[in-house]
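Trainee: I would like a close look at one part of this protein, a pocket in its surface. Please go through what lines the pocket, and then set the rest of the structure beside it.

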Amino acid sequence: MIAKPKGTYDLYGEDAKKVAYINDVLAAICEKYNYEFIRTPVFEATEVFHRSVGDASDIVRKETYDFEDRGGRELTLRPEGTAGVVRSYIENKMYGRDLQPVKLYYNEMMYRYERPQQGRMREFNQFGVEVLGCDDPFIDAEVISLAYNIFKLLGINNIRVNINSLGDRESRDNYREALVKHFSKDIDKMCEDCQERLKKNPLRILDCKVDKDLEIMKNAPKTLDYLNEESAQRFQKLQEYLDLMDITYEVNPNIVRGLDYYNHTVFEIEMLNEEFGAQNVLSAGGRYNGLVENLQGPETPGIGFAMGFERVLLALEAEGVNVPINNSIDVFVGYVNDEEKETALYLVQDLRLNGFICETEYLGRSLKSQFKTADKLQSKYVIILNSDDIKNFEVKVRDNKTKEEENVKINDLVDYLDMNM
Ligand code: ATP
Ligand code: MG
């Protein structure tokens, strides 16, 4: 048997229905917030990710799927959504649009060479939004509210929004200096990755999952103590806006996020359910002023977040949410002989076009087993065709609950079902 590649999964059955439901909720909320759908290629020039996610990030250092195509081009399967969206924003000159800011959302598979665990896959589905062209914390608050309201709408209530600020360049530089000073003393006691991070991107050390319980980690300098006046005011404003919208959040100075490009606002939405397991961050994001310039576009502020479907499915399960999935059909059309079969084909075509969920018999089984199928499908009505009725342009309609039957003119069938449904 040929098995699927490690870290991938097939989506089918109940989970596929749940994902379809999540997709509906996401599309609906994005419509309300007036965000526009965007799809970018599954692979990009490798450079796109080196310039954005950053050479020092875990993702680029050891998680990307890089390959050369037959024409010798260096390509990478996208490990995250922002870089491709920003590349597209620049290439398609969206910065020149009349309507600003540009508010986009995506919903795609991502690829990272990770150690697969529950809620951590090599191919995974992320939904995310990006807002480009607005630097006001007002939009940071909107983006956080969108991320938060998704869970409200899905019925996942046991969550917490954690926010932090990394500040502007000056604040970040000062903080970086303090971190280097702090960690330099004992860096040889830390993991190899952290030793590397100290040189390239010390902020990343705080994101380390290996050293996270070390004392030196716990008493590391806090970002908020290094914010300059303007950055601090901005962070204050964001909190006022979140309060205004009744979004419960916590300021958590340990959030720095795993990508290189963040500044000012960073946030995560965390599942609080105790049994949930280690992968408890459902969505995460932040502000990335400077990224558009890094990718050779005009100076443009941006903010976004991404949410992983696999963890949302686990969260729905953990919270015992009853996902509204329709497992029943409206009409089953049963028949026996060939003449009836043609009428069946005509009828299901007509009924489906009129909005009814219809099934019929495909395998030539007896009427008795067709009735059983109709029951299994929880069909509300069963239409039984026989040649005599058909000659009178009629069919037998059985209410599958009461088992009462009635002859109905084929021409009146849609109205009849509409009235009784
Ligand atoms: P983590 O700390 O869990 O590795 P990250 O910092 O790499 O997360 P982001 O790149 O910001 O996460 O991704 C945002 C969201 O995407 C995560 O909160 C999670 O829901 C989801 N996600 C990230 N990596 C994976 C993965 N390998 N498999 C499934 N979902 C993922
Ligand atoms: Mg990760």
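Mentor: Start with α6, which gives 4 residues to the lining of the second largest pocket, the largest share from any element. The model is predicted, and the values below are computed from it. Rolling a probe the size of a water molecule over the atoms shows where empty space is left. The second largest pocket has a volume of about 690 Å³. Its lining is made up of 28 residues, and those closest to the centre are Arg 169, Arg 172, Tyr 261, Asn 263 and Asn 289. Two or more lining residues come from each of α6 (169-184), α9 (229-244), β9 (263-271) and α10 (291-294). By kind, the lining of this pocket has 13 charged residues, 9 polar ones and 6 nonpolar ones.

Next, take the surroundings of ligand 1. There are 17 residues around the ligand, and Arg 112, Glu 114, Arg 120, Lys 209 and Arg 257 come nearest. This shell divides into 7 charged, 6 nonpolar and 4 polar residues. The elements that each supply at least two residues of the shell are β6 (123-132), β10 (281-287), β11 (302-308) and α11 (309-318). Of the shell residues, 4 come from β10, which is the largest share.

Some contacts can be followed atom by atom. In the side chain of Glu 114, an N or O atom is 2.6 Å from a nitrogen atom of ligand 1. The side chain of Arg 120 has an N or O atom 2.8 Å from an oxygen atom of the ligand. With Gly 308 the backbone takes part: one of its N or O atoms lies 3.1 Å from an oxygen atom of ligand 1. On its own, ligand 1 has 590 Å² of accessible area, and the protein covers 92% of that.

Now the backbone. Most residues other than glycine have a negative phi, and most peptide bonds are trans. The loop between α4 and β5 holds Lys 93, which is not a glycine yet has a positive phi of about 50°. Pro 101 is also found in the loop between α4 (82-91) and β5 (102-111). The peptide bond that joins Gln 100 and Pro 101 is cis, with omega about -5°.

Last, the chain as a whole. The domain assignment gives domain 1, made of 13-168 and 228-318, and domain 2, which covers 331-420. Taken over C-alpha atoms, the centres of domain 1 and domain 2 are separated by 48 Å.

Conventions: Residues are numbered from 1 along each chain as its sequence is written. Chains are lettered from A and ligands numbered from 1 in the order in which they are written. This is a predicted model: local features need pLDDT of at least 70, side-chain atom pairs count only at pLDDT 80 or more; totals for chains, interfaces and linings use all residues. Side-chain values use heavy atoms; hydrogens and water are left out. On a 1 Å grid over the protein atoms alone, a cavity is a set of points where a 1.4 Å probe fits but cannot get out, and a pocket is an open set with protein on both sides within 12 Å along at least five of seven lines; lining residues have an atom within 4 Å of a point. Grid points are joined across faces, edges and corners, and a volume is the space filled by probe spheres set on the points. Ala, Val, Leu, Ile, Met, Phe, Trp, Tyr, Cys and Pro count as nonpolar, Asp, Glu, Lys and Arg as charged, and the others, Gly among them, as polar. A residue is near a molecule or strand if one of its heavy atoms lies within 4 Å of it. A polar contact is a pair of N or O atoms within 3.5 Å; within protein, one must be able to donate a hydrogen and the other to accept it, and residues adjacent in sequence count only if both atoms are side-chain atoms. Accessible areas come from the Shrake-Rupley method with a 1.4 Å probe; for residues, only the protein chains shown count as cover. Domain bounds come from an automatic or database domain assignment.
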